[in-house]
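Colleague: I'd like to go through this model with you and ask what stands behind each label. Ready when you are.

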Amino acid sequence: MRIEDGVKLDFKDVLIRPKRSTLKSRGDVSLERTFLMRHAKEADGTTQRKLCCVPVVAANMDTTGTFEMAAELARHKVLTAVHKHYSVEQWTAFATAHADALPYVCVSTGALPTDLDKTAAILAAVPAVTIVCLDVANGYTESFVEAVRDARRRFANHVIIAGNVCTGEMTEELILSGADIVKVGIGPGSVCTTRVVTGVGYPQLSAVIECADAAHGLGGCIVSDGGCTSPGDVAKAFGGGADFVMLGGYFAGHDESGGELYVADDGRKYKRFYGMSSAEAQVRHTGKLKEYRAAEGKSTTVPYRGPVRDSVLQLLGGVRSACTYVGAAQLKELSKRTTFVRVTQTVNQVFGESKGVRGEAAAKAAAASSSASGGGAAAADGDGDGGGGGGGGG
């Protein structure tokens with residue numbers, strides 16, 4: 001037994017320190033990135049494959065990684081890791097109906113040979129899909145490393161995302177075994193109970209910082225998976241060195257999300273949301289929770305949030321705003337311009353927790369506020385997109 005006594009940080013433990021900026025507007029910030037993959041090749045089999053997108057990923061849960069979600073997020077060049085429970089026939093139908101979305105979707109798979117066989121069949125039926133997400137809860141096993149090697153042999157020209165891990169040495173192992181992008185996060189998700197059930201995990205911001213350093217030294221990338229509760233947390237993940245950020249709970253509860261819709265006695269609407277290691281998910285997809293394993297996820301309902309478009313715009317707008325605070329004209333500059341400040345409190349919750357609102361409800365609130373105050377809150381940006389709300393407003 002040994003104890004590491006160095007401080008490890010989560011998103012709630014820090015804020016990004018603002019710096020002088022020459023940017024005049026949030027609209028000046030580009031969130032699109034082009035990544036050169038370490039292993040994946042273009043169709044010619046020799047040129048390194050490029051992945052161009054806005055590097056946010058909807059998680060491969062059957063309540064978020066749906067075809068409906070993929071079709072909408074692709075309009076914003078955002079990726080979707082489509083869950084692994086769709087059939088080859090369903091994939092073919094989606095590809096026919098939404099060919100423009102295919103560059104922004106990932107085929108999710110497990111580590112068993114049967115999983116990889118199904119993935120091969122999907123990729124054969126839909127050759128325009130170029131990203132494979134090899135996903136297990138515990139990426140530290142030798143069998144998973146071998147599965148990554150096998151996937152690289154079978155899908156030599158495809159981008160391979162593999163995980164989950166949360167330490168630098170295993171990030172290096174997966175990249176050297178064939179992964180282009182390593183999925184980082186053990187237990188930080190909103191419906192994950194791994195840390196409660198097993199006692200295993202690592203604070204997510206520190207995991208991102210350490211794994212990004214390891215991956216970038218080998219020409220690989222990482223995706224921060226879990227722990228982001230707001231657009232500000234996503235900005236912190238990018239600031240910490242994450243190349244991509246994967247979100248589950250943020251995309252739950254929308255029209256495009258999976259999960260049953262419920263109407264409460266008071267008329268309010270909710271949608272089902274559960275972790276993929278929860279008892280509910282295990283029973284749904286395998287018929288039962290096996291006796292030798294414990295459930296490592298929970299089930300809940302989340303408020304119905306309507307179309308996902310408003311949530312996407314709120315997310316991307318928040319990240320753009322973070323970039324303007326540190327003078328990053330492109331998202332790829334954010335980590336170079338980020339200085340984290342350790343804090344004891346990140347938000348003022350005197351009127352309750354706020355994760356940002358957008359859409360018709362926000363517009364009505366703004367109109368009411370403007371009317372009551374005589375329209376006194378003037379726009380501050382050069383293009384009139386608002387000042388932000390500094391110390392006391394927000």
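Modeller: Let's start in β13, where the bridge partner of Y270 is P303. Bear in mind that this is a predicted model.

Colleague: What makes β12 and β13 a pair?

Modeller: Two strands count as paired if there are at least two bridges between them. Strand β12 (residues 269-274) and β13 have five bridges, in the antiparallel sense, so they meet the rule.

Colleague: Which sheet do they belong to, and in what order do its strands run?

Modeller: An open sheet of three strands, ordered β11-β12-β13, with antiparallel pairing. The edges are β11 (261-263) and β13 (299-303).

Colleague: Why are β11 and β13 called edge strands?

Modeller: Each of them pairs on one side only. As for twist, the average is 40° from one strand to the next.

Colleague: Over to β8. How do you know which strands pair with β8?

Modeller: Bridges again. Strand β7 (residues 159-165) and β8 share four bridges in the parallel sense, and V182 in β8 is the bridge partner of A162. β8 also pairs with strand β9 (residues 221-225), parallel and over four bridges; there I181 has C221 as its partner. Four bridges with β7 and four with β9 satisfy the minimum of two, so both count as pairs.

Colleague: What makes β7, α5 and β8 a right-handed unit?

Modeller: Helix α5 (residues 168-177) forms a β-α-β unit with β7 and β8. Looking with the strands pointing away from you, the path from the first strand over the helix to the second runs clockwise, and that is why the unit is called right-handed.

Colleague: Which way do the side chains of β8 point?

Modeller: In β8 (residues 181-184), I181 and K183 point one way and V182 and V184 the other, and all are buried. I181 also turns up in the lining of the largest cavity, together with V57, L79, I161, V223, F244 and M246.

Colleague: Why call that space a cavity rather than a pocket?

Modeller: A 1.4 Å probe fits in a cavity but cannot get out, whereas a pocket is open. By this rule there is one cavity of 30 Å³ or more, and the largest holds about 40 Å³ of space. Its lining has seven nonpolar residues, no polar and no charged ones.

Colleague: What makes helix α8 "mostly covered"?

Modeller: Buried means under 20% relative accessible area, and eight of the nine residues of α8 (residues 231-239) are buried. Among them are P231, D233, K236 and F238. After α8 comes G241, with a positive phi near 115°.

Colleague: Why is K77 worth flagging for its phi?

Modeller: Most residues other than glycine have a negative phi. K77 is not a glycine, yet has a positive phi of about 65°. K77 sits in the loop between α1 (67-74) and β4 (78-82).

Colleague: And why is K77 called partly exposed?

Modeller: Because its relative accessible area is 31%, and partly exposed covers what lies between 20% and 50%. G201 gets that label too, because its value is 36%. G201 is in the loop between α6 (194-198) and α7 (204-216), and its C-alpha is 7.9 Å from that of P188, 13 residues away in sequence.

Colleague: Which peptide bond is cis?

Modeller: The one from G163 to N164, with omega near 25°. N164 lies in strand β7. Most peptide bonds are trans.

Notes: Residues numbered from 1 in each chain as written. Predicted model: local features only at pLDDT ≥ 70, side-chain atom pairs only at ≥ 80, totals over all residues. Heavy atoms only, no water. 1 Å grid on protein atoms, 1.4 Å probe; cavity = no way out; pocket = protein on both sides within 12 Å on 5 of 7 lines; lining within 4 Å. Points joined across faces, edges and corners; volume = space filled by probe spheres on them. Nonpolar A, V, L, I, M, F, W, Y, C, P; charged D, E, K, R; others polar. Buried < 20%, exposed > 50% of the residue type's maximum accessible area, 1.4 Å probe, protein only. Helix = DSSP H or I, 4+ residues; strand = E, 2+ residues; numbered from the N terminus. Axes fitted to C-alpha atoms, helices over the stretch in contact; angles between N-to-C directions.
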